[in-house]
Amino acid sequence: MHKHSIRRLSAEVLTAILLTATLATPGVAQAATTAGEPPVAQVSQPTSSQPTAAPNQVATNSNPSPAESTTETQPTGLSTHAAKQPTSTATSSATSVPTTPLTNPAAIKAVVQGKDATEIAALIKSGQLDPNSLIQTVYQQINRENPALNDVIYTDPTNAAEQIATLQQNQAQTAPFYGVPLLLKGLGQAYKGYPATNGLTFEAANKYGYTKNFVQQLQKMGFVILGETNFPELGLINVTSSLLNGAAGNPWDATRNPGGSSGGSAAAVAAGWVPVATGNDAGGSLRIPASWSGVIGLKPTQGLILGDSTSPSVVNFVETRSIQDTAALLAGLTNPAKQTLLQAVPTNLKALKVAYSLTSPVGTPVSLEAQAAVLHAVAFLRHQGFTVEEKTAPVDGVKLMQTYFLGALSNGSIANYLAKQFLHRNLTAADVDNGVISPMTYALYQASRKAPQTIRATWQNELSLVQQQMTAFHQAYPLYLTPTTATVAPKNTDPAFLPADVAKLKTIDTLAFPDQMQLIYDAWLHGLAKTPFTQLANLTGEPAISLPTYVSASNLPLGIQFQGTRGSDQTLLAVGKLFETAGQFQLRDQWLAKQAQVPTIDQPGTAEPTTTEPTTPDQGATTTQPTNPEEPTTAEPTDPDQGTTTIQPTTPGDPTTAEPTDPDQGATTTQPTTPGDPTTTEPTVPNQGVATTQPITPGDPTITEPITPNQSDTPTQQAVLTSNQLTCPDTDAAAAFQNDRPLPQPVNRSAQTALKVSHQLPQTGNQAGWFIELSGWLVVLSLLSLTLWVRRPQA
């Protein structure tokens, strides 16, 4: 072979080696994905353990359409590309617009994955999606995944198809959410022909005979109603579980509860079945499940939403996955007559002073993870230019909750009224043993019988005091930040009420009224300890929002709550948009996509540090935080159901509210109107939307003296921990927190992941150097081999 041929061959070999090394180097290869961004791929969801008891079968009004039996060829996992975006704001530019609407379920699922209602409506209006094919695909997903979760309890495919036909006949393509699927909460949001059970076993066959104006407005906005979601009996507790419908499962972990009382709706949004589902809130029932399910939960200003009373009671709204959907729905569902309640967003949002608190208003433990979620938000806000101070609201949280539970007594009287309609008798303690009624519903009924006539005045006086205190507080601090929930979602094996308390509740009729209320408080404390922050906004009528900004070390979501002055709903949305735009939201599909990028990670929750909880001025030096930051050790087991008894805060024990008439249904209706709501023109379901009223039990059962008004905050406000101003612009810089006493360091999830992975693979930033070094050695070896080959002895 000639020498020039040898040299040419050697050059080609060398070029090939260099090109190979270059393409293997991150940041140089243009064919590879951008550093930190995964390639577009389907990522299968982690398998969650199933509940021990088989969930209830979804009731269906008609047989599934033929399209529901179509076999999907697309994997059921989440698209990491779509999920990575902090907010879904536009269809991917890489997606080609088909000339005809998509009809294949797998293709439809791939297109709508991770998108909000606004984007899905745009795809339908542009002709890329067929609404009938879309709802069939959603029904398929619900039928496939819901048996393990029990979040949807009723569907009606035939009615959904009729709704689409009506939209098309009315040429409603201009409606903002034209053709978008939606699920209704099964409590308090009447849709004609749908179940109207109130979660009571003896109302299992009851149906709504009318459609609530709130639901009618959703249909005018273009939504297509697919079915009802799970909720607890009368919406009384902060988890979703009932004798009638069973316990709901959390999409993040099917063995845990999604929260209550709008738990089925929040879970349906988190699971990706629908982008929007309705709920209601009288004590946290939109915000608690939003925190535990990782979605957005806004409780609007009292009286702002169509059909809602202006008096503190139930507020109807929705669970969503984006701020733009939340804002559009707030605008569309606002009562035109109450539009003046809304305040304009300040020109300089960052001029609003923010107060924050980390301690429970009723003295119960707050997990380190919940505190870390708030501290991350504090650091983010300070980096954005906000002034943030640790300051507690001037409200006596224990007294507030005691007053709050007086309002819950109306649930008991309503339950007994319905029992007389369906069972033709009063409720008895035997009904608790026989699985007819929950022990707390029975206890509330018995206490309502002995309630003195002064209860209404007591309740109203406390409301006036709290509203005055918060009005003054907001003069200095327009925004108030706390954890939404004190712990991560509880296990479904955690009882709503402890067995010892249940035994006492069954004999509550033998006690005097003050002792009855103390027992109710004590029994409810088990659940209230998990969610003591949400009730304040209900009793003041102020808006509050839970934002999905944090995921715990065991991969469970935790929300943070902002509360503002009456009418500041749009300001809260502006704050939420700030977090969303900066990529602070942790929606489930986005979180799974991020987890899928890590090749190997230790099992979640195995490296949780043992930390001593900081001693707060209100808690005393003897309070210590459990070693597991998510599930604080309390004197009693954590109770998922406890702590959410918020029904219409109507006057408890008022005989005039026992048998309200229903203007929409007529005199024969069994749906009692919520007492004390003269402005409502449609029937209000008892406890309607009373999403969760946390019991007032003082966090420490040994406390016998009432907490003074200045010592404890109200349910949404936590006692303050004083810390100096954070100057570090990084939310992960826990060292920048200079506190007057020890504070838990925020758990840096990204740092944890990086540390775990570093033991197995080089970091992305180090891969380039590693490959360059390898390439250099390959070049040297190639030149050496070439030199030896050229200089070999000639034959």
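This section describes the overall make-up, the internal cavities and selected residues of a predicted protein model.

The protein chain comprises 22 helices and 14 strands. Of its 795 residues, 58% count as buried. Contacts between residues at least 6 apart in sequence were also examined, and 82% of these join residues at least 24 apart.

A search of the whole structure identified 4 cavities of 30 Å³ or more. The largest of these cavities has a volume of about 320 Å³. Its lining is formed by 27 residues, of which V112, Q113, G114, G272 and W273 are the closest to the centre. Two or more lining residues are contributed by each of the helices α3 (105-112), α5 (131-145), α8 (263-270) and α20 (588-597). The greatest contribution to the lining of the largest cavity is made by α5, which supplies 4 residues. In terms of residue class, this lining consists of 15 nonpolar, 7 polar and 5 charged residues.

Two of the helices that line the largest cavity, α3 and α5, also pack against each other, at an angle of about 90° and with their axes 9 Å apart. The two helices are therefore roughly perpendicular. On the α3 side, the contact is made by P105, I108, K109 and V112, which meet S133, L134, T137, Q140, Q141 and R144 of α5. The residues of this contact divide into 4 nonpolar, 4 polar and 2 charged. V112 of α3 thus appears in two settings: in the contact with α5 and among the residues closest to the centre of the largest cavity.

Attention then turned to the region around helix α6. D156 is located in the loop between β4 (152-155) and α6 (157-169). Because its relative accessibility is 5%, under the 20% limit, D156 counts as buried. Although D156 and I225 are separated by 69 residues in sequence, their C-alpha atoms are 8.6 Å apart in space. Q163 belongs to helix α6 itself and, with a relative accessibility of 9%, is likewise classed as buried. When residues up to four places away in sequence are set aside, Q163 touches Y191, Q219, F223, V224 and I225. I225 therefore features both in the contacts of Q163 and in the spatial pairing with D156, as computed from the model.

A further buried position is N335, which has a relative accessible area of 17%. This residue lies in the loop between α10 (323-333) and β10 (354-356). Apart from neighbours within four places in sequence, N335 is in contact with L304, I305 and L306.

Several features of backbone geometry were also noted. Most residues other than glycine have a negative phi, and most peptide bonds are trans. The peptide bond from G260 to S261, however, is cis, with omega near 10°. S261 is found in the loop between β6 (224-229) and α8, and α8 is one of the helices that line the largest cavity. A positive phi of about 60° occurs at H424, which is not a glycine, and a positive phi of about 60° is also found at N555, again not a glycine. H424 lies in the loop between α12 (397-422) and α13 (429-433), whereas N555 is placed in the loop between β13 (544-551) and β14 (557-563). The surroundings of these two residues contrast: H424 counts as exposed, at 66% relative accessibility, while N555 counts as buried, at 17%.

How values were computed: Residues numbered from 1 in each chain as written. Predicted model: local features only at pLDDT ≥ 70, side-chain atom pairs only at ≥ 80, totals over all residues. Heavy atoms only, no water. 1 Å grid on protein atoms, 1.4 Å probe; cavity = no way out; pocket = protein on both sides within 12 Å on 5 of 7 lines; lining within 4 Å. Points joined across faces, edges and corners; volume = space filled by probe spheres on them. Nonpolar A, V, L, I, M, F, W, Y, C, P; charged D, E, K, R; others polar. Axes fitted to C-alpha atoms, helices over the stretch in contact; angles between N-to-C directions. Parallel < 35°, antiparallel > 145°, perpendicular 65-115°, else oblique. Contact = heavy atoms within 4.5 Å. Buried < 20%, exposed > 50% of the residue type's maximum accessible area, 1.4 Å probe, protein only.
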